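User: Please explain how the strands and chains of this model are arranged, and give the cut-off behind each term as it arises.

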Amino acid sequence: MDSQAIATQPVEDHAEHAHHPPYLRHHFANLEQQKETSTFGMWLFLLTEIMFFGGLFCAYLIYRNWYYPAFVAGSHQLSILLGAINTAVLICSSFTMAMGVHAAEMRWRKPLIGWLLATIALGCVFLGIKAVEYNEKWEKHHVPGLNFSVDSFVHQDPHYPEDKPLPLDMAEKTQVYFSLYFAMTGMHALHMVIGVSLLIILVVRAWQGAYTQGHMTTVENFGLYWHFVDIVWIFLFPLLYLISRHQ
Amino acid sequence: MSTIVSLPDQTTATLPKRSYLNDGYGLKSWLLTGDHKRIAILYLISITFFFFIGGFFAGMVRLELLTPPTDLMAADTYNKMFTMHGIVMVFLFLVPSVPATIGNFVLPIMVGAKDLAFPKINLLSWYLYVVGGVMTLAALILGGVDTGWTFTTPLSTHYLNTHVVTAGLAVFVAGFSSIFTGLNFIVTVHRMRAPGMTWFRLPLFVWSHYAASVLMVLGTPVLAITLVLVVLERVIGIGVFDPAKGGDPLLFQHLFWFYSHPAVYIMILPGMGVISEVISTFSRKRVFGYTAVAFSSVAIAVFAFFVWAHHMFIMGISNYSALVFSLLTMLVAVPSAIKIFNWSFTLYKGSITFETPMLYAFGFMGLFTIGGLTGVFLGSMGMDIHLTETYFIVAHFHFVMVGGMLMAFLSGVHFWWPKMTGRMYPEGLSKLAALVTFIGFNLTFFPQFILGYLGMPRRYAAYPPEFQVLNVLSTAGATVLGVGYLLPMLYLTWSLKYGKIAGPNPWQATGLEWQIQSPPITSNFEETPVIDYEAYDYEWLANKTRHEVQTVG
Amino acid sequence: MHFISPVLWQFLVNWLTHFALFPPEASSIAPHADALYFFLVAISLVGLVLVLALVAGFSFLYRKERNPEATQIEGSTLLEATWTIIPLALFMVAFVWGALLYFRIYNPPTNAMNIYVVGKQWMWKAEHPGGQHEINSLHIPLGRPVQLTMISQDVFHSFSIPAFRVKREVIPGRYTTVWFEATQEGTYHLFCTQYCGTLHSQMIGTITVMKPADYEAWTEGSTSGMSLAQNGERLYASLGCNACHSGSATARGPNLAEVYMTKVQMSNGSYSTVDDAFLRDSILNPTMHQMAGYAPIMPTYQGQISEEGLIDLVEYIKKLNSNYRIQQTLNTTQVQSSVQSPAPSTQGRAQQAAQTAPGMVKP
């Protein structure tokens, strides 16, 4: 025994050990530490996500500076309406997610499931609209590498009569814009898909009552993730759709 | 020669009845474990495997370079050899080497925790590592990849028809393994310290791992997204780095080195942590200038993010950015110098013994000093023009990575081997191995400095005949080095069964991990420890021992 | 002696004849680079010897046999400050010295003669202004500054001459330059030092430094008959550049005579210097190099001209002193085919014309 314990006053009352709730993992001293730890870990993970998207944003800023007219023309090809609907959908989904976290805090099982399902539904709506947009890009031959054509940029676009057609050399740079568009929204969509998959697991676990007995860190942390993905979109929407509208 | 090793009486001593090693048997109890010590062992086995794979490629490279023309293998085979050597050694050995094995094993114990903050994520990190490793092997078996470990565009995206995508995704996956390890360490250090374990009572090993973890967590995602773009560019042909479509291949260089320069510190910082522990223990002294050494780790981590463009001095970056990056490179060299001098002065008025970990640590100090100072050659812009992309740079980073990090890794493995397994390694043989490694290493890599100044470019399958003599020396050295690495592998395995019983604290070291039994129990501590002494407090240890002797005897 | 072993004997001979620590010092830069190298070696040796002496000395003095009890020392701010400041100062010297050398190596003197280099997998193509083409070799005169303007047509390469201590990355899509002045006759290695694919190690060549007179003789003997500028002029005419860049006051494109190395105002208000890179980029990406006062009507020639062709054009524009010949050619073609009417008279109207007659823009 001597060789095993170093110093030795016990920190906490041993009686407390008897009342360990089942969700307190063995290596934490108490629930508060467990909660703080996992929340801290989640924030740190989100920091790595910021660096992940940061590389893309950095590339976007550089090329936007170089190929400004191409980026303007490229963004004119996106549908503000669909983008705006998607923004609204995501903001709503953040609201439903927040309500879900609230429900878990209040230990309401059914409302929790309801709000999570609503979040899933909104997430799917977002992905559906995104798919429609991607399909439109495909039909308009705007997918770099696979079926790109500069046609829409070297000719007058009837929808934007004030837009002059681009000279060929600049029109080709719209490929860079669309490369970044697909990389950025694609990575974002991938995060959405992962989020929705995790939500499905959460719903199942919530159904079993896992988050409504006082331990809801998982739901809370997932909420952080979901809001983060939302915020990424809040940056993507203006950068890709909006800021070049009125030159 | 006197020694501080104090082993229990071998006639009566046994391994503890209950330890993490016998807490459950069978494959499942290992493959589904959440215990950081078992995961560390899993990592140790897998990185050793990949080390020898990478070493095999290094051997083939050296063998080909024995003669000037390409006679042993064709040029493209050679290119695949050095590429696989680089990818395996950097991403599958060096990056996880100390942190994922030794760090994983002792860091939670050092801070007085029962486990890392997220045991499941720790296990996930090992699985990601294995998936990354298997994908690398798949790329190898399918026919190899010859981009060089740097994946330079547009070569990697448009001009090669080897398995770039598989290898790129392998590195991507292995990168997440490293992110999760770093994340776990940071959270553990922040939230899982035992009562009384203040930041300035942490062993320097923890400080250096903390600094390395910050780099892993912030740098690796940038590599990940860069590789995603490379893969997308190769598979579907998007145009972010493709000059033909308006992309800029230099942007790839910037993004790649934004990770890969900090990665150098991810590799070396944990090794520096090992050296701090070992030097202190075997000179029976607190590390000279604890605070300076701790903060120099943090300083390295901070500066590391702002020096990446020194890999691009000859690539036509603007003169002014070259100036700034060169200046910052000089600044990042200073904390390393501080560490070296602080370690040297730790020996001053110590009571020094020369166990195997200490020999490796001495090797580290000599070789890392050379590696670091030759880094100043390369950070000095005008000199870099002549030296970069030659064997000088190869020698430089091998002095840091192999001479530094691998020495530190072996030092650490020997130092904590009794803690991990409960048994001692054979002392005589291990000293011999340390010596062989040191000699072999210098013979291999020192000639490469001269080759580099003579202008021999790196990654050459064939070279002009006047470089042969030095290349032969280097290859000869590599053979010796190979023996030096095989020896520990053999005698450490032997010691698992036949080594002497080590007892809880064979080195009389002060770290928390030495105050518990070897090998430790699954939850490390019977009770949460309360720390009431500073790091490296040998007087505390002496009093404690005396106290025990008095109460027991 | 070779009864020992022929292989070993050969090896020894090889060693003795080839053992060198330094490549030849064959350029004006080389002594400067070597001086910095010696300084760095010296501080490294001092540092290394110091560390080794400390470690060995303390290990001897304070080994357990001699010093059974360690004395605990917290640290010493003074000592730590010393070994922070002294290395820092030495590193700063290395930084300043290195920076000076860097600027010396990468800022060519104005009187340097220019040679173009195109890198491709896996060969170096050199183009002398006189029209001499070389592959994997480069002939240069002794004692005269030579600037290389280099570009790659595929992947990254790197042009390295160890004997001159110079090296520069050769990058697809942009010009990089390097200069040197050879100070010793002889033949030296040329290496590609950036890994560029399968036969990377075959992308080597020789640099031949010749006495100026020999160099003249060599140039005479290996000319292809047409200088780069002459090739460029042909290309200029055949691509129809002269239709807009005719030099007349009414032309739709800027006058190119003597435009090289002048500062011009761009359409976004900024100023740019017309250097080689600017000329090349203007041909490929005209929209991004729009000069103030001209309509954005120039088509891109991306994919239509090889790197060598671009070099010819750049060389031609650099050497263009007057528009006399351009107008001559133009008149001839106009008489022959009477294609288009000359452009309206003022620049303001030229812009309108551009909008009303987009057919004039060749796609």
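Analyst: Two strands are taken to pair if DSSP finds at least two bridges between them. The model is predicted, with local features needing pLDDT of at least 70 and side-chain atom pairs counting only at pLDDT 80 or more, whereas totals for chains, interfaces and linings use all residues. Residues are numbered from 1 along each chain as its sequence is written, while chains are lettered from A and ligands numbered from 1 in the order in which they are written.

User: Which residue of S7(C) stands opposite His157(C)?
Analyst: Strands, like helices, are DSSP runs numbered from the N terminus (E, at least two residues, for strands; H or I, at least four, for helices). Strand S6 of chain C, residues 157-161, runs antiparallel to S7(C), and 5 bridges join them. Ile161(C) has Val166(C) as its bridge partner, and His157(C) faces Val170(C).

User: Which residue in the hairpin of S6(C) and S7(C) takes a positive phi?
Analyst: The hairpin has 4 residues between its strands. The positive phi, near 60°, belongs to Arg165(C).

User: Which strands of chain C stand at the edges of the sheet S4-S10-S9-S6-S7?
Analyst: This open sheet of 5 strands has mixed pairing. Each edge strand has a single partner, so one side of each is left without a neighbour in the sheet. The two edge strands of chain C are S4 (137-141) and S7.

User: How many residues of strand S7 of chain C are buried?
Analyst: A residue is buried if 20 or more other C-beta atoms, placed from the backbone, lie within 10 Å of its own, exposed if 12 or fewer do, and partly exposed in between. Strand S7 of chain C covers residues 166-170 and is largely enclosed by the rest of the structure, because its buried residues number 5 of the 5.

User: What angle does the direction of helix H4 of chain C make with that of S4(C)?
Analyst: Helix H4 (residues 212-221) packs on the sheet by touching S4 and S10 (205-210) of chain C; contact requires C-beta atoms, placed from the backbone, within 7 Å. Axes are lines fitted to C-alpha atoms, for helices over the stretch in contact, and angles between N-to-C directions run from 0 to 180 degrees. For H4 and S4 of chain C, the angle is about 130°.

User: In the sheet S3-S2-S1-S5-S8 of chain C, by how much are neighbouring strands turned against each other on average?
Analyst: The sheet is open, with 5 strands and mixed pairing. Strands S3 (133-135) and S8 (176-181) of chain C each have a single partner, so each is left with one side lacking a neighbour in the sheet. With direction ignored, the average turn between neighbouring strands is 25°.

User: Which residue of S8(C) is the bridge partner of Met150(C)?
Analyst: Strand S5 of chain C (residues 145-152) is antiparallel to S8(C) and joined to it by 6 bridges. The partner of Met150(C) in S8(C) is Thr176(C).

User: At what angle to S1(C) does helix H7 of chain C run?
Analyst: Helix H7 (residues 307-319) of chain C lies across S1 (113-120), S2 (123-127) and S5 of chain C. Relative to S1(C), helix H7 of chain C runs at about 165°.

User: How many helices are there in chain A?
Analyst: Chain A has 0 strands. Along the sequence its pattern is α-α-α-α-α-α-α-α, and the number of helices in chain A is 8.

User: How many residues of chain A are in contact with chain C?
Analyst: The side of chain C that touches chain A has 5 nonpolar, 4 polar and no charged residues (Ala, Val, Leu, Ile, Met, Phe, Trp, Tyr, Cys and Pro count as nonpolar, Asp, Glu, Lys and Arg as charged, and the others, Gly among them, as polar). Here 9 residues of chain C meet residues of chain A numbering 4.

Technical notes
Contact = placed C-beta atoms within 7 Å.
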